[in-house]
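Hi there,

Here is the structure I promised to pass on to you. Please open it alongside this message.

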Amino acid sequence: MVAATKVFSHHKNLRQVTRSELRDVPTPQATDTYSPVSFDAVWTIFEEAIDDVAIPALDEAGLEIAEVELLVSADEKLFRGTRSFLKRGEGFGVRLVSESSHNKRTAVRFGIEGLVEVCSNGMCLPGFVKASAKRHVPRQVPEIREAAHTGIDGVQHFLQVMTQDRSMMMATALSDDAFLGFMGRLWGHKVLGSNQLNDCASEWAQPRHAVFERRDLWSAYNAVTEVLKSVPLRSRESRYVNLHELAMSEVQGQRVQRFGGDANAIMSAMGQA
């Protein structure tokens, strides 16, 4: 049974490792009730799922592999592995994600995130939930394999929605005053904290990437995701989903419930509130 689970880790507390180093990460001893699977085995299963499910769809869409990143926490209890694909000349793509732990904090989970090439900013879309296997139960490898396939099976649809939403945001002009109103709504919905408002205003006023000098909703969106890079991954994913829903509500004609209209309700239904 594939289920939704919460994000578990702090990206800033993870270090990058090679595949050889990932193989050397020790796996805790199994017990009658706890049967951990090595991070390397989880990543191998995910790579197989990517080859089976994602590669054909991404090839058809014109995306090319850009980067593989393997991250492990300092205590070697948490793992996040990603394989990124970019649409050359378009400036965006997708990041396929695998996460696991050796401290019983979370199940093994897999999913899809958006990726902005120039800044590596992430995107999480409402309606696309990471899939997980049951938590460290004996004989769980078949469930991990099922979750790996389920978690990325919608990559083609994800890419279509992301492409459409990005185009609509780029077509939505935003004045400085409208940007401040958008920031207020993000603060009210707890996407941004009070201490992050000034940082977002600075990113908007003086973007670190020339592509975001356009005064539109897409530039505002990336000003926010740039600031959210400093937020622990545990809460960043839910903020990304809320950000996307609220940004799309700014687009002409999109305020009516494409995903139900209430970002917080969506997160509760997904088990990620």
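Below is what I found, beginning with confidence and ending with the strands.

Please keep in mind that this is a predicted model. The mean pLDDT of the chain is 84, with 85% of its residues at 70 or more. Helix α1 (residues 19–24) has the highest confidence, at a mean of 96, while helix α9 (residues 263–269) has the lowest, at 42. Two stretches call for some care. Over residues 1–10 the pLDDT stays under 50, and the model gives them 44 contacts beyond four places in sequence. Residues 255–273 are also below 50, with 36 contacts in the model beyond near neighbours in sequence. Where pLDDT is low, the predicted coordinates should not be read in detail. I would treat the contacts of both stretches in that light.

Now to the chain as a whole. Its secondary structure comes to 9 helices and 7 strands. Of the 273 residues, 52% count as buried. Among contacts with a separation of 6 or more, 68% are between residues 24 or more positions apart. The chain exposes about 12300 Å², and carbon and sulfur atoms supply 49% of that area.

The part I enjoyed most is the run of strands β3, β4 and β5. How many of the residues of strand β4 (residues 92–101) are buried? The count is 10 of the 10, so β4 is largely enclosed by the rest of the structure. On one side of the pairing list, strand β3 (residues 78–87) runs antiparallel to β4, and 10 bridges join the two. Their hairpin has 4 residues between the strands, and G89 there takes a positive phi near 85 degrees. Strand β5 (residues 109–116) also pairs with β4 in the antiparallel sense, over 8 bridges.

L96 is a handy place to see both pairings. This β4 residue stands opposite R83, and in β5 its bridge partner is I112. If you trace the strands by eye, remember that in a regular strand the side chains alternate between the two faces of the sheet.

Finally, a word on the cysteines. The structure holds 0 disulfides. Are C119 and C124 buried or exposed? C119 has a relative accessible area of 6% and C124 has one of 5%, so both are buried, the cut-off being under 20%.

Happy to talk any of this through once you have had a look.

Best wishes

Terms used:
Residues numbered from 1 in each chain as written. Predicted model: local features only at pLDDT ≥ 70, side-chain atom pairs only at ≥ 80, totals over all residues. Heavy atoms only, no water. pLDDT = per-residue confidence, 0-100. Contact = heavy atoms within 4.5 Å. Buried < 20%, exposed > 50% of the residue type's maximum accessible area, 1.4 Å probe, protein only. Areas by Shrake-Rupley, 256 points an atom, 1.4 Å probe, with all protein chains shown as cover. Disulfide = S-S within 2.5 Å. Pairing = 2+ DSSP bridges.
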